Amino acid sequence: MTTPTAVAAARRQDLAPRKRWPYRKHAVGLLFLLPATALICLFTLVPFAQAILLSFQEWDGISPDTPWVGLENYERVFGDQVFWESMKNVLAFAVIGFFIGNAISLGMAMAVHKARRARSFFRTAYYIPGVFSVVVIGLMWGWLYEPSVGIINRLLVSIGLEGLQQNWLGDPALALGSVAVTFVWYHWGFGFILFLAGLQDIPAEQYEAASLDGARAWAKFRYVTWPHLVPVTTIVGLLSLLGALQIFGTVQVLTNGGPGYHTMVPTLVIYTEAFTSHRYGVAAAMSVIFGGALVLLALIQLGLTQRRSRS
Amino acid sequence: MVISTESTSTRAVVTGVPRPPRTEQAGRRRRKWGAEQVLLYALLIFAALTALFPIFFLLTGSLMSLQELYRGASLLPTELLWGNYATAWVEGNLAVYLTNSLIYTLTSVLGILIVSSLAGYALARLEFWGKNVFMFVILAVLIIPAPAMFIAQYKLLIGFGLTNSPVGYVLVMITAGIPVATLIMRSFFVNQPKDLEEAAALDGASSFTIFARVILPLARPGLAAVAVIQGLGVWNEYLMALVLFRDDNLMPVQRGLTSFVNSETPQEQILLAATAISVVPVIILYLLAQKQIVQGLGAGALK
């Protein structure tokens with residue numbers, strides 16, 4: 001019955017009125033974005049706003065009423081030594097992760113880039129720690145650091161360095177450093193992968209030209225490698241900094257902030273304040289202060305990048 | 001811009017250096033390269049051992065008996081006790097945790113793929129009001145960190161009755177994945193040729209038909225990269241799993257492992273075996289899909 005021409009005609013008729021609606025293209029575009037917009041609004045933007053509101057309220061986690069308490073939560077946070085101690089600790093993690101972690105990432109990326117054989121083996125090996133969860137990292141390193149039978153102390157004994165055995169996670173002087181070592185071990189592969197990709201994008205002719213000019217290793221690095229890596233360095237720097245500042249699971253599983261508060265970090269303080277002490281308002285105030293600082297840091301870093309790339 | 005000025009300054013700096021005669025330079029270089037490569041490989045192998053030794057000792061510890069572990073006499077197990085793995089599987093409730101993790105990961109990844117490919121396509125190809133606003137929102141959301149939100153997300157989910165619920169967890173996971181996934185998909189679509197879409201449009205196909213029949217099948221490499229990187233992220237997620245789940249039977253494996261540690265005080269070798277079992281899926285995924293992971297990391301970070 002319906003010949004192809006009839007179908008085509010019907011379709012054309014069908015299309016004609018739709019084409020006349022001038023806002024169709026906008027509606028289609030917005031419809032494509034609807035699921036993403038709805039989810040982001042509901043589960044990111046609303047909670048973000050709600051965190052700010054909750055920081056001026058009191059809530060025990062159960063009761064339906066959340067009375068307004070003004071700045072009381074913030075006063076509490078400002079007087080909270082543990083919170084500020086945790087800010088200091090996380091700053092130490094950030095500095096160590098940023099400088100030492102990224103130096104290792106960059107150094108090893110250059111080493112692998114120079115290697116003639118087995119590059120992909122090394123790349124695979126170096127990123128393996130990065131695919132584990134924070135819980136696995138915590139359990140695994142908890143075992144390595146175990147004071148009496150942990151592998152690190154036993155390795156020290158087996159090579160005749162009994163004197164260097166330590167209570168790695170229990171000694172207040174060492175705990176922060178031990179967690180930082182774990183953190184760097186866990187995360188350097190990420191920067192490494194990105195630096196390596198950046199190095200592979202540098203045209204070989206530029207090195208050849210520099211060699212012909214007699215440039216030594218340092219000059220090549222300074223004037224060829226480094227300028228090419230600026231975009232990668234910026235993003236790796238930002239992400240590793242933000243990653244270090246948000247450290248949580250590794251610390252919770254390894255030390256739970258101890259001994260005392262020597263490895264306490266803000267996210268863990270916020271978590272404990274809410275889910276152990278049931279002071280959700282105070283926890284919200286902390287997350288506003290800490291989260292706000294993180295957002296500010298990201299904006300500053302991105303602003304600097306923009307300015308650098310424009311100049 | 002930056003690059004060209006830098007390379008001129010290179011020339012300026014190095015012209016002052018006198019060039020050694022050619023033959024001497026070539027000879028010296030060959031000798032130096034030999035020593036250099038040996039040192040280089042020493043460094044590379046040392047770093048590989050450092051990256052791998054914790055995993056090695058996790059495995060050896062998981063195969064020892066408790067007595068041997070605590071005697072501390074040998075670094076390697078004298079006898080491989082594979083039974084530890086069976087014990088860990090049962091005591092650690094791993095069948096339940098791993099199944100949960102698998103379900104949460106697959107549903108979250110599916111959700112992320114659908115939502116982010118739609119959004120990424122719209123941002124790459126369609127023209128409409130508010131496109132720039134949405135782009136800005138995505139970038140803004142990217143810099144809001146989890147510690148700023150998780151308390152409020154918990155409160156919100158209580159309001160919906162979605163705490164201790166797979167639905168609540170998966171919705172939060174999908175939302176967390178959207179920004180990066182959308183940016184990856186967008187940059188993927190931007191680099192795709194337009195011919196096929198235009199041909200389909202001339203045939204009178206609607207935008208949705210074009211998307212489902214023409215665009216998505218061609219987007220498989222982009223979807224694969226997003227799926228692998230997000231799958232890894234969801235499988236390894238811990239903070240929200242800790243906050244949301246109370247019921248042991250609903251916990252994903254990361255949360256389940258810490259629950260195992262805290263409630264039953266398992267013997268160390270059993271705990272190590274349980275930990276080892278929990279990483280088997282990610283190791284397999286990593287070895288199979290390393291290319292996608294590396295691409296996804298690069299794309300997610302740089303675009």
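**Briefing: chains A and B**

Residues 133-154 of chain B are 68% helix and 0% strand, with end C-alpha atoms 28 Å apart. The model is predicted, and it scores ipTM 0.85 and pTM 0.85. The points below cover confidence, the two chains, their contact, and one residue and one helix in detail.

**Confidence in chain B**
- Mean pLDDT for chain B is 83, and 87% of its residues reach 70 or more.
- The highest confidence in chain B is in helix H5 (residues 94-125), with a mean of 94, while helix H1 (residues 2-14) of chain B is lowest, with a mean of 36.
- In residues 1-31 of chain B the pLDDT is below 50; this stretch nevertheless has 25 contacts in the model beyond near neighbours in sequence.

**Make-up of chain B**
- Chain B contains 15 helices and 0 strands.
- Of the 303 residues in chain B, 43% are buried.
- Among contacts in chain B with a separation of 6 or more, 77% are between residues 24 or more positions apart.

**Annotated spans of chain B**
- An unreviewed UniProt entry carries the annotation "transmembrane region" for residues 38-59, 102-124, 133-154, 166-185 and 270-289 of chain B.
- One of these spans, residues 133-154 of chain B, is the 68% helix span described at the start.
- Another, residues 166-185 of chain B, is 100% helix and 0% strand in the model, and its end C-alpha atoms are 26 Å apart.

**Layout of chain A**
- Chain A is divided into domain 1, residues 4-43, and domain 2, residues 73-310.
- The centres of domain 1 and domain 2 of chain A, taken over C-alpha atoms, are 47 Å apart.
- Residues 87-301 of chain A carry the UniProt feature "domain: ABC transmembrane type-1", from an unreviewed entry.
- That span, residues 87-301 of chain A, is 74% helix and 0% strand, and 19 Å separate its end C-alpha atoms.

**Helix H6 of chain A**
- Helix H6 (residues 134-145) of chain A has 12 residues, which at 1.5 Å a residue should span 16 Å; the end C-alpha atoms are 16 Å apart, in agreement with that figure.
- Because 12 of its 12 residues are buried, H6(A) is largely enclosed by the rest of the structure.
- The buried residues of H6(A) include Trp141(A), Trp143(A) and Tyr145(A), as well as Gly138(A) and Gly142(A).

**Contact between the chains**
- Chain A puts 83 residues into the contact, and chain B puts in 84 residues.
- On the side of chain A that touches chain B, the largest share comes from helix H2 (residues 24-54) of chain A, with 20 residues.
- Sorted by class, this side of chain A has 62 nonpolar, 16 polar and 5 charged residues.

**Leu44(B)**
- Leu44(B) lies in helix H2 (residues 22-62) of chain B.
- The count of other C-beta atoms within 10 Å of Leu44(B) is 22; the cut-off for a buried residue is 20 or more, so Leu44(B) is buried.
- Apart from neighbours within four places in sequence, Leu44(B) contacts Ala111(A), Val112(A), Ala115(A) and Phe122(A).
- Leu44(B) and Val214(B) are 170 residues apart along the chain, and their C-alpha atoms are separated by 45 Å.

Key:
Residues numbered from 1 in each chain as written. Chains lettered and ligands numbered in written order. Predicted model: local features only at pLDDT ≥ 70, side-chain atom pairs only at ≥ 80, totals over all residues. Helix = DSSP H or I, 4+ residues; strand = E, 2+ residues; numbered from the N terminus. Contact = placed C-beta atoms within 7 Å. Domains from an automatic or database assignment. pLDDT = per-residue confidence, 0-100. Nonpolar A, V, L, I, M, F, W, Y, C, P; charged D, E, K, R; others polar. UniProt positions renumbered as here; feature names shortened; annotations may be inferred. Expected span 1.5 Å × (residues − 1).
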